[in-house]
Amino acid sequence: MKYSLFTLVLLWLVACQKEQKLPILGERQAVQREKDGKMMTDTIYHKIPAFSFVNQDGEKVTEKTFEGKIYVTDFFFTTCPSICPKMKQQMLRVYEKYKSEDRFLLLSHSISREDSVPVLKAYAKKINIETKKWHLVTGKWSDIEKMAQQHFVGVKEDPNEPGGYIHNGYFVLIDKSKHIRGAYDGTNPKEVDKLMTDIDILLNEK
Amino acid sequence: MKNKVWLGSIPVVLFVGLLVGNALFFKTKEQGKLLYEQHCASCHMEKGEGLAQLIPPISKSDWLKNNPSKVACVIMHGQKGAIKVNGREYNQEMPANTQLSEIEIHNLVNYLFTNFENNIEKRTLEQIRQDLTTCN
């Protein structure tokens, strides 16, 4: 009796896990449209807009690079003395786990004007990552800033801060349709565990 | 009679002395740990493991062992240029911590030397003061 109850609870837990679906984050809009003579309401979810940056190999990286893939993105800079090393340590965990997963990519936006392509290249070499799996990108500062806002990540230039910039350390999970499906504190190993669980859920989503 | 009271107070004095000594000892240890968490752990990580080939480790560091007199300067003024730690080359600028006092650096250095699986002889405050006069 005890065991069957235990099994039941276990089955229920497994079943729940299977049905688990990640929310779509961000503002949503209701839009009216006509279909077969009837008015219908569609929900428009927040989407990451088109972008164009350059990665550590000097290649152009756009939204098309991530077509049909889910990806995790963050905002950092190579000389950041505060939270970035921790974020990169955690991002490396994600990288190691999913580097052979074809449907998954990583994208780190640099928020420093000093992070040129060669600087990003040297950084990538030091953390030993492959460009085709993990793009470190740079671009016009205002474009990067806009991109951060689109991910609800705050970035700011501040000469009084160590390193000259402030930003928060979110890892943002984006699905194939460019919707935000999760945001995790990239300096917290437990939150990054949760991110990896959510990546698995998203990979199984049809 | 007077003598007896005096003798009786010896254990009390000893006890209080031990208590104060303990408190001071643990406070300096505590300060080293707090300073590490505040100023070092975000890059060198909580367990001192560093990060890939970007940030050198503190734990079991041969560089610390071989350069005990240089550590205070590195903490105070940062580090530029390549250094080799445990057989790996690192070349990422470390920021300065000029806001730290000599005593704080002393406690921090000894915290590094006696934790993270380092077993390096502690430095005296005098030595740290001397070390700090040799910084470039």
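**Exercise 1. The β10–β11 hairpin**

Task: In the hairpin of β10(A) and β11(A), determine how many residues lie between the strands and which residue takes a positive phi.

Solution: In this predicted model, the hairpin of β10(A) and β11(A) has five residues between its strands, and A:Lys178 takes a positive phi near 65°. The two strands run antiparallel and are joined by five bridges, and within that pairing A:Leu173 of β10(A) stands opposite A:Gly182 in β11(A).

**Exercise 2. The two faces of β10**

Task: Decide which residues of β10(A) point one way and which point the other way, and state whether they are buried or exposed.

Solution: Begin with the general pattern, which is that in a regular strand the side chains alternate between the two faces of the sheet. In β10(A), A:Tyr170, A:Val172 and A:Ile174 point one way, whereas A:Phe171 and A:Leu173 point the other way, and all are buried. The strand as a whole is accordingly described as mostly covered, with five of its five residues buried.

**Exercise 3. The order of the sheet**

Task: Work out the order of the strands in the open sheet of five strands in chain A, and say what kind of pairing this sheet has.

Solution: The order is β7-β6-β5-β10-β11 (chain A), and the pairing is mixed. The edge strands are β7 (134-137) and β11 of chain A, each of which pairs on one side only. From one strand to the next the twist averages 20°.

The mixed character can be followed pair by pair. Seven bridges join β5(A) to β6(A), and these two strands run parallel, with A:Tyr71 standing opposite A:Leu105 in β6(A). Helix α2(A) packs on this sheet, where it touches β5, β6, β7 and β10 of chain A, and its direction makes about 165° with that of β5(A). On passing to the next pair, β5(A) and β10(A) are found to pair in the antiparallel sense over three bridges, and here A:Val72 stands opposite A:Leu173 in β10(A).

**Exercise 4. Length and buried face of α5**

Task: Check whether the end C-alpha atoms of helix α5 (residues 189-204) of chain A agree or disagree with the expected span, and then identify which residues of α5(A) are buried.

Solution: At 1.5 Å a residue, the 16 residues of α5 in chain A should span 22 Å, and the end C-alpha atoms are 23 Å apart, which agrees. The buried residues of α5(A) include A:Val192, A:Leu195 and A:Ile199. Seen down the axis of α5(A), the buried residues fall within an arc of 45°, so they line one face of the helix. The general reason is that an α-helix has 3.6 residues a turn, so residues three or four places apart point the same way. On the other side of α5(A), A:Lys190 and A:Asn204 are exposed. The cover over the buried residues of α5(A) includes β5, α2 (84-98), β6, β10 (170-174) and β11 (180-185) of chain A.

**Exercise 5. The buried face of α4**

Task: For helix α4 (residues 141-150) of chain A, find which residues are buried and what the buried residues of α4(A) pack against.

Solution: In α4(A), A:Ile144, A:Met147 and A:Ala148 are buried. Viewed down the axis of α4(A), its buried residues lie within an arc of 100°, so they line one face of the helix. A:Ser142 and A:Gln149, on the other side of α4(A), are exposed. The buried residues pack against β5 (70-76), β6 (104-110) and β8 (155-157) of chain A. Just after α4(A), A:Phe152 takes a positive phi of about 60°.

**Exercise 6. The surroundings of Thr62**

Task: Using the number of C-beta neighbours inside 10 Å, decide whether A:Thr62 counts as buried or exposed.

Solution: A:Thr62 is placed in strand β4 (residues 60-62) of chain A. A residue is exposed if 12 or fewer other C-beta atoms lie within 10 Å of its own, and because A:Thr62 has 11 C-beta neighbours inside 10 Å, A:Thr62 counts as exposed. Leaving aside residues up to four places away in sequence, A:Thr62 touches A:Ala50, A:Phe51 and A:Ser52. A:Thr62 and A:Ala50 are 12 residues apart in sequence and 6.9 Å apart in space, C-alpha to C-alpha.

**Exercise 7. Contact with chain B**

Task: State how many residues of chain A are in contact with chain B, and how the residues on that side of chain A divide into nonpolar, polar and charged.

Solution: 13 residues of chain A are in contact with 10 residues of chain B. The largest share of the side of chain A that touches chain B, five residues, comes from α2(A). The residues of this side divide into six nonpolar, four polar and three charged.

Note on methods
Residues are numbered from 1 along each chain as its sequence is written. Chains are lettered from A and ligands numbered from 1 in the order in which they are written. This is a predicted model: local features need pLDDT of at least 70, side-chain atom pairs count only at pLDDT 80 or more; totals for chains, interfaces and linings use all residues. A residue is buried if 20 or more other C-beta atoms lie within 10 Å of its own, exposed if 12 or fewer, and partly exposed in between; C-beta atoms are placed from the backbone. Helices (H or I, at least four residues) and strands (E, at least two) are DSSP runs, numbered from the N terminus. The arc is that of the directions from the helix axis to the C-beta atoms. Two residues are in contact if their C-beta atoms, placed from the backbone, lie within 7 Å. The expected span of a helix is 1.5 Å times one less than its number of residues. Two strands pair if DSSP finds at least two bridges between them. Axes are lines fitted to C-alpha atoms, for helices over the stretch in contact, and angles run from 0 to 180 degrees between N-to-C directions. Ala, Val, Leu, Ile, Met, Phe, Trp, Tyr, Cys and Pro count as nonpolar, Asp, Glu, Lys and Arg as charged, and the others, Gly among them, as polar.
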